[in-house]
Amino acid sequence: MLEKDATKINIHVIGVGGCGGNAVSNMSSGSGHSNIRFSSINTDISALNQCQNLSQKHSHEHSQKHPLKHKVVLIGEHTTKGFGAGANPEVAKHAAEHSIELLKTLIADDTLIIVIAGLGGGTGSGATSVLLDLASEMGIDALCFVTLPFKSEGEKRKEIAYHALEEIKRKANATLVLSNDALITALDATVGIISAFRHCDTQMQRIIESIITMLTSTGYINVDINDFSHILSLEGDTALGVGVAQSDETLCDALSHALKNPLVQTNNIRGTQGVIVQLSCQQEPSILMYESMLAELQTLIESAQAL
């Protein structure tokens, strides 16, 4: 595929809060795209310092000569003094509102922002909606990846998470929800907690990398930013996934794998209003296998009205 003019599409991955910042730190060192920026926003200065340290560590481990810049942004410096939001979303919301000019400058040149946040605490739950409001005012598309807390974390964090989720769904162009509890069923019980979260980060990174490839490369059947924006504008839940096929014969299996990501809360696409499929191949696929994959997709959708 040919590269599109990268100057016309600016994609910005932004982590909000501790969970989002850690995810962006893990992603920023492993991305192979040059026209993508990474930033972390937090009310906690120590968490931002940790993000920078993680990015530098991963860049060194991957032997990157030119590591992608990971910008960190402290919000509400005069309200929280850099000590965090105290698990209070309202404190984080006010912190973001007090730093609105800083956030406006951060996303001023963006075409699409991909926001990652963990819900149930303070900053991710409270500041994300402020960033989304700002993106909407500035005409910037926003895609959100959010994680829900473990059931064992209690009803209070669950209540905070779901309240924030409803607000985010109203404001983002599309929202993908990942459940921490799904990590327990999707992975071996002996997997360490840090390894489990990195696995979740890897799943998000694969999806984000696929979106970036789709928007910055020109294929035989092209998908541009306007196509993507239109699909994001459709109402309803969002399902995203990545599948890998080793040969033509396993294309349908790859499609099935992409749609059955166990970490994604919503992966049933029956009755969907719109679908985008990105097929990247090292070799030319046969027309028969290509048609079979699309026919399988239509069967799963069960909607003649889907775009």
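Colleague: Over how many bridges do strand S5 (residues 112-118) and strand S6 (residues 141-148) pair in the parallel sense?

Modeller: Two strands are said to pair if DSSP finds at least two bridges between them. Here S5 and S6 are joined in parallel by seven bridges. Within this pairing, Ile-114 has Leu-143 of S6 as its bridge partner. Strands and helices are themselves DSSP runs, numbered from the N terminus (strands: E, at least two residues; helices: H or I, at least four).

Colleague: What should a reader know about the model and its numbering?

Modeller: This is a predicted model, in which local features need pLDDT of at least 70 and side-chain atom pairs count only at pLDDT 80 or more, while totals for chains, interfaces and linings use all residues. Residues are numbered from 1 along each chain as its sequence is written, and side-chain values use heavy atoms, with hydrogens and water left out.

Colleague: What is the average pLDDT of the chain?

Modeller: The pLDDT is the predictor's confidence in each residue, on a scale from 0 to 100. The chain averages 81, and 83% of the residues score at least 70. Over residues 62-67, however, the pLDDT is below 50, and this stretch has four contacts in the model beyond near neighbours in sequence. A contact means heavy atoms within 4.5 Å.

Colleague: In what order do the six strands of the open sheet stand?

Modeller: The order is S4-S3-S2-S5-S6-S7, with parallel pairing. Strand S4 (70-74) and strand S7 (174-179) are at the edges with a single partner strand each, so one side of each has no neighbour in the sheet. Neighbouring strands of this sheet are turned by 20° against each other on average, direction ignored. Such angles are taken between N-to-C directions, from 0 to 180 degrees, using axes fitted to C-alpha atoms (for helices, over the stretch in contact).

Colleague: Which residues of edge strand S7 are buried on its two faces?

Modeller: Buried means under 20% relative accessible area, exposed means over 50%, and partly exposed lies in between (1.4 Å probe, protein chains only). In S7, six of its six residues are buried. Ala-174, Leu-176 and Leu-178 lie on one side, with Thr-175, Val-177 and Ser-179 on the other. S7 runs parallel to S6 and is joined to S6 by six bridges, and Val-177 of S7 stands opposite Val-146. Helix H7 (residues 155-171) lies across S6 and S7, at about 165° to S6.

Colleague: At the other edge, with which side chain does His-70 make a polar contact?

Modeller: A polar contact is a pair of N or O atoms within 3.5 Å; within protein, one must be able to donate a hydrogen and the other to accept it, and residues adjacent in sequence count only if both atoms are side-chain atoms. The side chain of His-70 meets that of Ser-40 in such a contact, at 2.7 Å. His-70 belongs to strand S4 and is buried, at 10% relative accessibility.

Colleague: How many disulfides does the structure have?

Modeller: A disulfide is a pair of cysteine sulfur atoms within 2.5 Å; a search of the whole structure finds zero. Cys-144 is buried at 0% relative accessible area, whereas Cys-19 is partly exposed at 39%.

Colleague: Where does Lys-81 lie, and is Lys-81 buried or exposed?

Modeller: Lys-81 is in the loop between helix H3 (77-80) and helix H4 (89-98), and is exposed at 55% relative accessible area. Its phi is near 60°, a positive value in a residue other than glycine. Ala-87, in the loop between H3 and H4, also has a phi near 60° and is partly exposed at 49%.
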